[in-house]
Amino acid sequence: MKKKIMAGAVLLLAASIFIGGCGIKSVSTDTGAGYTVTDATGREVKIPKKPERIMGNSASIDTMLLGVVTPDKLIAATEADRDPAISYIANDTKNIKMTVPLMGLSMELVTEAKPDLIIASTYTKGEQLDLYRNMGIPVVVIKGPRSIEEVESDIRIIAAATGEKERGEKVVAKMDEMLTESDKRLSEEMGKRPVVFVVSEMTR
């Protein structure tokens, strides 16, 4: 399972870099008259028009977003996004003016930013999501992924919410292609398997 999680994260980031704005999931996306997306919780979210001012509430969500939309569609970026030592999207987010602190989206920041779509994860508190919804903002929830399959599902949901389903499918296809290549190379490896030690310094 740990191997799957790590591989999914690496492949997701790589897909975001190599495709540079491709990605996707859900139901109908008529970008003219609005459309409805079913998020990871089963909630149907009405999106009036294709979003132009999108906010994510974590660095991982921003990374997935930039797999399916261009940086000009993000109205804010997290602090972690901007640190090239830990972020794969530092260069892509350098011109995004607003910054989301590591503690998350505040009501003040959301009010100032006026997003037309918020992408949040299942780790977000329900009362916080309700506050955003009460402001009339469409809120689409994705899973905090624990497998490659869940990463791909998240990409499809994000792509459907942003009206970029075709780009989402390209990201998923690229991930599958890279997974196949990795499996092939590993199967041909005859030497001693390396031992990997992973260290995380995440404050949360």
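**Close-up of helix α6 in the predicted model.** Helix α6 spans residues 148-161, and its 14 residues reach 20 Å from the first C-alpha to the last, close to the 20 Å expected at 1.5 Å a residue. The helix is mostly covered, with ten of its 14 residues buried. Ile148, Val151, Ile155, Ile157 and Ile158 are among the buried residues of α6. Ala159, Ala160 and Ala161 are also buried, as are the acidic residues Glu152 and Asp154. Gly163, which follows α6, has a positive phi, near 75°.

**Close-up of Ser58 in the loop between β3 and α2.** The loop that holds Ser58 lies between strand β3 (54-56) and helix α2 (59-68). Ser58 counts as buried because its relative accessibility is 16%, and buried means under 20%. The side chain of Ser58 makes a polar contact with the side chain of Ser60, at 3.1 Å.

**Close-up of the hairpin formed by β1 and β2.** Strand β1 (residues 35-38) and strand β2 (residues 44-47) pair in the antiparallel sense over four bridges. Within this pairing, Tyr35 stands opposite Ile47 in β2. Five residues lie between the two strands of the hairpin, and Gly42 in the turn has a positive phi of about 90°.

**Close-up of the two faces of strand β1.** Tyr35 and Val37 make up the covered face of β1, whereas Thr36 and Thr38 make up the uncovered one. In a regular strand, side chains alternate between the two faces of the sheet. Tyr35, on the covered face, is the residue that stands opposite Ile47 in β2.

Methods:
Residues are numbered from 1 along each chain as its sequence is written. This is a predicted model: local features need pLDDT of at least 70, side-chain atom pairs count only at pLDDT 80 or more; totals for chains, interfaces and linings use all residues. Side-chain values use heavy atoms; hydrogens and water are left out. The expected span of a helix is 1.5 Å times one less than its number of residues. Buried means under 20% relative accessible area, exposed over 50%, partly exposed in between (1.4 Å probe, protein chains only). A polar contact is a pair of N or O atoms within 3.5 Å; within protein, one must be able to donate a hydrogen and the other to accept it, and residues adjacent in sequence count only if both atoms are side-chain atoms. Two strands pair if DSSP finds at least two bridges between them.
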